Amino acid sequence: ASLFGMRPVMVHARNDFLLLTMDQLAYNAAKWRYVSGGASHVPITIRAIVGRGWPQGAQHSQSLQAVFAHFPGLKVVMPATPYDAKGMLIASIRDNSPVISIEHRRLYDQVGQVPEEPYEVPLGKAAVRRSGNDVTIVATSLMVSEALKAADILESRHISAEVIDLRTVSPMDDELIFDSVRRTHRLVVADTAWRSFGVGSEIIARVASNVFGSLEAPARCIASPDVPSPTCSTLERLFYPGVDEIVNTAVEVVSGKVLSQASRPGIVDEDFHGPF
């Protein structure tokens, strides 16, 4: 449909099962503009849902943004606000590249001002959600909300945190991140996926390669441990990082003090009964 001039939008309930379409996505759609010498485009938009809570287990709650972003030609976006959800969706549909929009289920209850008229939020541009001087916190998707809550707590501890909403994983807004790190001299990345080989690791690698001299403390990545997502709510509380981990890590990189991990309330949605 894309090759014949349409701009289809596909809503995929779980991003986990997009792995079954990697031949079409990674080996065809992502490469079509390149192998055709720019003569053809595949402007397809895929809305994929990720989530946690309502114990969904190892095959239904994975955040796979790093997998899709690894392939040149695929654009990957992760809106974190209602305004961006609409604006980035419209921008994705109008873009000539295949775009995967990864939406976190726990953000669907967010309320915010959204204009009725069509508008675009540019792909590839991150946003500063909160200005700060002591530490840069780069967050994706649901972790943006967690980072903003953490910034409030950090302010009570006299630590000024700058929160950056990455918004687009690929292409990534390197310069906004670099400029922030040049000012704060410290970096914490909060991602919704696993720690190893992920978006957080990529951001830290780019900062280390380009503005290493600005860092006054080792950059840190907050992400899920490198094991499959658990099913029971007790293990979920241990598996998924959030506000406490961001606060403790930020305090550590700013002051060098290590705080004890406080127990966090459960993340199970008591009013949620499925299926997504």
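In the predicted model, Asp84, Arg129, Asp165 and Arg167 are joined in a network of salt bridges. Within this network, Arg129 pairs with Asp165, and the closest N and O atoms of the two side chains lie 3.0 Å apart. The pair connects distant parts of the chain, since Arg129 belongs to strand β5 (residues 127-130) and Asp165 to strand β7 (residues 161-165), with their positions 36 residues apart in the numbering. The two partners fall into separate accessibility classes. Asp165 has a relative accessible area of 0% and is therefore buried, the cut-off for this class being under 20%. Arg129, with a relative accessibility of 31%, is counted as partly exposed.

The network belongs to a wider set of contacts, as the structure contains 15 salt bridges. Another of these contacts also bridges distant parts of the chain. The side chains of Arg220 and Glu252 meet in a salt bridge with an N to O distance of 3.0 Å. Here the link runs from a strand to a helix: Arg220 is in strand β10 (residues 220-224), and Glu252, 32 residues apart from it, is in helix α9 (residues 243-255). Arg220 has a relative accessibility of 30% and is partly exposed. Glu252 is likewise partly exposed, at 27%.

A salt bridge within a single helix is formed by Arg182 and Asp179. The closest N and O atoms of this pair are 2.5 Å apart. Both residues lie in helix α6 (residues 174-184), and because they are three residues apart, about one helical turn separates them. Arg182 is partly exposed, with a relative accessible area of 37%. Asp179 is also partly exposed, and its relative accessible area is 39%.

Apart from these charged pairs, a nonpolar patch occurs on the surface. The patch consists of Leu3, Phe4, Trp32, Tyr34 and Val35, which together have about 610 Å² of accessible area. One of its members, Tyr34, is located in helix α2, which covers residues 32-35. Trp32 and Val35, also members of the patch, carry the numbers at which this helix begins and ends.

Notes:
Residues are numbered from 1 along each chain as its sequence is written. This is a predicted model: local features need pLDDT of at least 70, side-chain atom pairs count only at pLDDT 80 or more; totals for chains, interfaces and linings use all residues. Side-chain values use heavy atoms; hydrogens and water are left out. Patches are made of residues with over 30% relative accessible area and no salt bridge: like charges are joined within 9 Å, nonpolar side chains (Val, Leu, Ile, Met, Phe, Trp, Tyr) within 5 Å. Accessible areas come from the Shrake-Rupley method with a 1.4 Å probe; for residues, only the protein chains shown count as cover. A salt bridge is a side-chain nitrogen of Lys or Arg within 4 Å of a carboxyl oxygen of Asp or Glu. Helices (H or I, at least four residues) and strands (E, at least two) are DSSP runs, numbered from the N terminus. Buried means under 20% relative accessible area, exposed over 50%, partly exposed in between (1.4 Å probe, protein chains only).
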